[in-house]
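Please open the model in the viewer and keep the selection panel at hand. The stops below are meant to be selected in turn.

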Amino acid sequence: MTRILLVCALLLSACAGLSPIQPADENRQSLIDMSCRSHFLKGRWQLVHTINARLYGGRQATFTGVIVLSSAVPSIHCVLMTLEGFVLFEAVDNGEVVVKRAFGPFENLDFANGVMEDIRFIFIAPEGKVQTVGIFKDGDEGCRYCTDDNRVVDVVEAADGSWRIRQHDPLKTLIADAVDRQGVSPKLTLVAGGRHAYQLSMTLVEAFPID
Amino acid sequence: MRQPIFINRFYAYNPYSSRVRRFARRLPCCVLLIAACLCLGWADTWDGIRSAAADVDAISADFVQEKHLPILAGPLVSRGRLYYRRPDALRWEYTSPVQSVLLMRDGDARRFVRFDRGLVEDDGVRLQAMQLVMPEISGWLAGRFQDNPLFEAGLQGGKKIVLVPKDAGMGRFVQRIELWMSQQPGVLEAVLIFESEDAFTRVVFSNTMVNPALDDRIFREVQ
């Protein structure tokens with residue numbers, strides 16, 4: 001319930017416009033900046049999640065998601081399966097999204113682009129410069145990025161170690177539990193607003209860096 | 001803007017009108033029921049299978065499932081337990097890494113998945129398709145593999161049944177299914193489902209019991 005209320009609050013605040021951010025003292029800025037960057041994976045990783053998708057209208061479906069991503073290149077290889085292990089969708093993004101295997105509604109490049117966009121949003125640091133490093137109106141510290149395609153993305157860390165990424169237009173918010181020993185958050189909730197709102201609740205099954 | 005399109009497609013999707021999804025849902029049943037037939041003392045002929053299948057009323061077994069994909073550094077391993085009771089009651093339960101329970105009974109199917117908020121019913125498993133699957137399962141129980149509309153069945157060496165899709169559409173989804181018998185007569189050892197040569201699922205059964213007493217609640221309640 002707390003998480004649902006938090007999601008609602010975040011959406012409402014986002015609808016109200018950009019949350020003001022007060023630049024931090026210079027000696028504090030580098031620490032906050034480092035903290036913001038720490039929430040994104042570095043190097044090559046394999047991640048497996050159980051993903052519960054709640055769709056507009058209240059329907060929901062559960063999948064297993066496998067992601068192999070590299071932050072350096074960057075590249076993403078994504079597989080969506082039924083819980084029984086049948087591959088419904090597989091695509092690679094090495095600068096261009098290529099669908100390798102897909103069935104039914106997944107057999108669509110727009111779907112593949114949307115999936116890759118969500119994966120980048122969650123796991124890879126926003127492209128573009130950090131505009132402001134400081135303290136948001138609610139007291140949480142964080143960073144405001146202005147991406148190369150003029151989106152504003154805030155990375156916000158709460159006092160309890162949980163963190164959020166919120167993008168304004170199109171509205172999208174990630175709520176993440178504090179990271180585990182590996183630096184990976186065990187629970188992620190992605191909320192996308194708009195006319196076709198949806199929510200993805202991702203529970204980490206396994207994560208490890210790949211040499 | 002790509003996101004709305006993605007979501008629109010997602011939302012508009014009725015997964016149970018898809019043949020692929022129907023097959024994904026029915027496969028555990030297929031595996032189980034073929035296992036049931038094998039558990040009766042496998043013969044080298046279809047007549048032998050039909051004859052043996054007549055005595056199977058129920059089955060239970062543990063299983064370990066490995067998912068192999070080229071992109072994975074190692075297989076994804078899941079564990080669980082299955083229960084089947086004639087004519088059409090099934091419980092296919094994963095206990096790790098994430099608990100999920102598929103219940104099928106009297107032609108209806110429900111699936112529950114463990115989340116923080118408890119075992120949550122997955123709307124996706126309003127399996128109208130199961131109404132169509134049950135007659136097929138009954139056919140298998142009767143040992144009529146050759147009547148299967150989806151797969152061509154072949155016996156290989158008395159140890160293995162190979163199921164090959166009959167049409168190209170299904171062939172895109174599953175290349176073939178191999179059913180392996182253990183040394184112990186009548187016990188199925190493993191099932192391999194090949195989506196391609198390097199992408200496959202292996203399910204290995206153990207502690208298989210034929211005709212155990214199964215409480216009706218097993219097929220009704222998730223707990």
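Select Pro74(A), which sits in the loop between strand 3 and strand 4 (75–81) of chain A. This is a predicted model, and in it the peptide bond joining Val73(A) and Pro74(A) is cis, with omega at about -15°.

**Strands 2, 3 and 13 of chain A**

From the loop, step back to strand 3 of chain A and display its partner, strand 2 (residues 44–55) of chain A. The two strands run antiparallel and are joined by eleven bridges. To see one of these pairs, select His49(A), whose bridge partner in strand 3 of chain A is Gly65(A). Next, move to the turn of this hairpin, where four residues lie between the strands. Gly57(A) takes a positive phi there, near 100°.

Now keep strand 2 of chain A on display and add strand 13 (residues 198–209) of chain A. This pairing is also antiparallel, and it extends over eleven bridges. For a marker, pick Leu55(A), which has Tyr198(A) as its bridge partner in strand 13 of chain A. While the strands are in view, recall that side chains in a regular strand alternate between the two faces of the sheet.

**The largest nonpolar core**

Which residues touch the most other members of the largest nonpolar core? Select Val79(A), Leu80(A) and Leu88(A), which hold that position in a core of 80 residues. Strand 3 of chain A supplies the largest share of this core, with six residues. In soluble globular proteins, nonpolar side chains tend to be buried together.

Centre the view on Leu88(A) and show its surroundings. Leaving aside residues up to four places away in sequence, Leu88(A) touches Leu80(A), Met81(A), Thr82(A), Phe103(A) and Phe106(A).

**Helix 3 of chain A**

Select residues 109–123 of chain A, which form helix 3. A check of the helix length can be made directly in the viewer: at 1.5 Å a residue, its 15 residues should span 21 Å, and the end C-alpha atoms are 21 Å apart, so the expected and modelled spans agree.

Colour the buried residues of this helix next: Phe111(A), Ala112(A), Gly114(A), Val115(A), Asp118(A), Ile122(A) and Phe123(A). They lie on the same side of helix 3 of chain A, because they cover an arc of only 160° around the axis.

From that set, take Ala112(A), which lies in helix 3 of chain A. Is Ala112(A) buried or exposed? Ala112(A) has 24 C-beta neighbours inside 10 Å and therefore counts as buried, the cut-off being 20 or more. Its contacts, not counting residues up to four places away in sequence, are Ala91(A), Val97(A) and Val99(A). To follow one of these, draw a distance from Ala112(A) to Val99(A): the two are 13 residues apart in sequence, and their C-alpha atoms are 6.9 Å apart in space.

**Chain B**

Switch the selection to chain B, which has five helices and eleven strands. Of its 223 residues, 38% count as buried. Among contacts in chain B between residues at least 6 apart in sequence, 46% join residues at least 24 apart.

Begin with Pro97(B), in the loop between strand 3 (89–96) and strand 4 (100–105) of chain B. Here a cis peptide bond joins Ser96(B) and Pro97(B), with omega at about 0°.

Move on to Asn207(B), which belongs to strand 11 (residues 199–210) of chain B. Asn207(B) is not a glycine, yet its phi is positive, near 50°. Asn207(B) is exposed, with 9 other C-beta atoms within 10 Å. In the segment after strand 11 of chain B, select Asn211(B). Its phi is near 55°, again a positive value in a residue other than glycine. With 16 C-beta neighbours inside 10 Å, Asn211(B) counts as partly exposed.

**Confidence**

Finally, colour chain B by pLDDT, for which the chain average is 73 and 64% of the residues score at least 70. Among the elements of chain B, strand 1 (residues 58–68) has the highest mean pLDDT, 92, and helix 1 (residues 2–12) the lowest, 39. Over residues 1–17 of chain B the pLDDT is below 50, and this stretch has 45 contacts in the model beyond near neighbours in sequence. Select residues 125–138 of chain B as well: their pLDDT stays under 50, and the model gives them 27 contacts beyond four places in sequence. For the complex, the predictor gives an ipTM of 0.79 and a pTM of 0.80.

Notes
Residues are numbered from 1 along each chain as its sequence is written. Chains are lettered from A and ligands numbered from 1 in the order in which they are written. pLDDT is the predictor's confidence in each residue, from 0 to 100. Two residues are in contact if their C-beta atoms, placed from the backbone, lie within 7 Å. The expected span of a helix is 1.5 Å times one less than its number of residues. A residue is buried if 20 or more other C-beta atoms lie within 10 Å of its own, exposed if 12 or fewer, and partly exposed in between; C-beta atoms are placed from the backbone. The arc is that of the directions from the helix axis to the C-beta atoms. A nonpolar core is a set of buried Ala, Val, Leu, Ile, Met, Phe, Trp, Tyr and Cys residues joined through C-beta atoms within 7 Å. Two strands pair if DSSP finds at least two bridges between them.
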